[in-house]
Amino acid sequence: MNITTGHITEKNGRWYAVVNLYDTNGKRHEKWRSLNLDAKKGTKTEANHRLNQILEQYNLGDQYLHEGMSRADKERNRTADMKVDVYLKEWLESYKGNITKSTYTSYKRYMDVHIIPFFKEMNVKVKEITGDEINEFYAHLRSKGLKGTTCQRYHSLLHLAFKSAMKRRVIPTNPVDQSDRPKSVQFIGSYYNAEEIKQLIECTKDDPLHIVIVLAVYYGLRRSEVIGLKWSAVDFEGKTVSIRHKVLQDEDGVTGYDVMKTKSSYRTLPLIPIVEQALLEERDKQSEMKKAFGRSYCRKYEDYICVDAIGELIRPNYVSDHFAIVLRRNGLRKIRFHDLRHSCASLLLANGVQMKLIQEWLGHSDIGTTSNVYSHVDSESKKLSAEAISKALAGQTDDS
């Protein structure tokens with residue numbers, strides 16, 4: 001990029017700035033600008049000062065105005081000429097204020113791990129990218145072993161980023177709309193049956209994750225919801241548990257949020273007697289630990305239920321890692337910690353609880369999510385359908 005230079009000159013008793021401008025081919029041409037200053041004694045210093053102001057404006061970008069183009073138009077052109085990887089970085093930082101810290105951390109991870117490296121190597125500009133390049137990116141993700149559902153998250157993020165460019169009229173259409181949205185295979189999780197759940201709870205009675213597992217099993221809570229559950233959310237008199245806080249972990253450590261995943265995630269559930277008993281035992285144990293460790297006991301997380309022996313909050317990543325160790329040590333079938341949530345739902349379905357009620361229990365935003373995830377385990381409703389059609393056709397023959 002050429003730095004704009006210039007000098008002052010006197011003409012007809014007035015000072016003018018003569019500015020050296022360069023076109024896209026690097027060819028120089030001069031532009032005269034009046035400094036609105038009489039060329040009399042003592043005004044040359046002021047004229048040079050005004051020249052410097054003009055040159056500074058040109059070099060900072062205000063030169064766009066002299067070319068008959070508004071600043072907004074020039075900014076659009078600047079963005080259109082950006083390399084895609086540079087634009088995506090800039091867009092994410094500008095969009096940061098519209099999303100939660102946890103969402104930003106997730107988006108940044110997607111950008112840093114796959115998106116930015118791929119498009120940096122591709123070396124394509126924003127104004128040049130089409131659905132073909134986006135499809136190449138999806139093929140790259142699949143070559144890395146990413147599943148359809150994960151690829152769809154990248155698809156959504158790219159669509160959001162280029163939608164911003166389209167709204168600002170940087171590009172006429174969203175290139176992501178021209179691509180083939182990655183297809184996903186319906187997720188079928190691993191579930192524990194009632195006997196396996198009982199065995200899991202029994203063998204973890206002396207494990208740090210015991211209360212975590214009990215809460216996850218009976219309420220189908222997400223990991224962030226379990227760790228975020230506070231004593232103040234448990235009403236022992238009214239016999240309710242309120243889910244209204246979560247804890248997430250990122251590179252900066254653990255952070256608590258009162259902003260839940262969706263509005264439906266805020267829910268108040270009955271305090272199940274066996275869970276109440278487990279909570280009371282946990283409260284007594286924490287009281288004993290406070291006495292035993294005295295000043296060494298961490299008081300920062302006193303309102304949180306899921307803490308370790310010295311009062312430190314149990315970290316989300318520890319839950320997932322230690323849960324795998326617990327299963328291995330006890331010879332239990334391998335599942336993910338999140339599959340306890342699926343196990344809860346499958347047990348409710350197997351015992352005749354309606355899908356709408358399960359949606360509310362789990363805190364799904366709409367029943368479609370619940371149906372899509374758990375319809376294949378809705379064995380009892382299928383049995384009822386089978387019985388209904390059998391009764392309807394009982395005694396009927398091919399001739400009737």
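These are my notebook entries on one sheet and two helix pairs in a predicted model.

**Entry 1: the sheet**

I looked up the strand order first. The open sheet has three strands in the order β1-β2-β3, and the pairing is antiparallel. I then asked which strands stand at the edges. They are β1 (5-11) and β3 (28-38); each has a single partner strand, so one side of each is left without a neighbour in the sheet. From one strand to the next, the twist averages 25°.

I went through the pairings in turn. Seven bridges pair β1 with β2 in the antiparallel sense. Within this pairing I noted T9, which stands opposite Y16 in β2. I also examined the connection and found that β1 and β2 form a hairpin, with two residues between them. In that turn, N12 has a positive phi of about 55°.

For the other pairing, I found that β2 (residues 14-22) is joined to β3 by eight bridges, again with the strands antiparallel. Here I recorded V19, whose bridge partner in β3 is K31.

**Entry 2: helices α3 and α4**

I recorded both angle and distance, because two packed helices are described by the angle between their axes and the distance between the axes. Helix α3 (residues 84-95) packs with helix α4 (residues 101-122) at an angle of about 170°, and their axes are 9 Å apart. As angles over 145 degrees count as roughly antiparallel, I entered α3 as roughly antiparallel to α4.

I next listed the residues that meet. From α3 they are V84, D85, L88, K89, W91, L92 and E93. From α4 they are Y104, Y107, K108, M111, I115, I116, F119 and K120. Sorted by class, the residues of this contact of α3 with α4 are 10 nonpolar, no polar and five charged.

**Entry 3: helices α12 and α13**

I then turned to helix α12 (residues 339-350) and helix α13 (residues 355-362). They pack at an angle of about 155°, with the axes 10 Å apart. That angle makes α12 roughly antiparallel to α13. I noted the hand as well: the crossing of α12 and α13 is right-handed.

Which residues make the contact? On α12 I found R341, C344, A345, L348 and L349, and on α13 M355, I358, W361 and L362. By class, I entered the contact of α12 with α13 as eight nonpolar, no polar and one charged residues.

Terms used: Residues numbered from 1 in each chain as written. Predicted model: local features only at pLDDT ≥ 70, side-chain atom pairs only at ≥ 80, totals over all residues. Heavy atoms only, no water. Axes fitted to C-alpha atoms, helices over the stretch in contact; angles between N-to-C directions. Helix = DSSP H or I, 4+ residues; strand = E, 2+ residues; numbered from the N terminus. Parallel < 35°, antiparallel > 145°, perpendicular 65-115°, else oblique. Left-handed = near helix turned anticlockwise from the far one by under 90°. Contact = heavy atoms within 4.5 Å. Nonpolar A, V, L, I, M, F, W, Y, C, P; charged D, E, K, R; others polar. Pairing = 2+ DSSP bridges.
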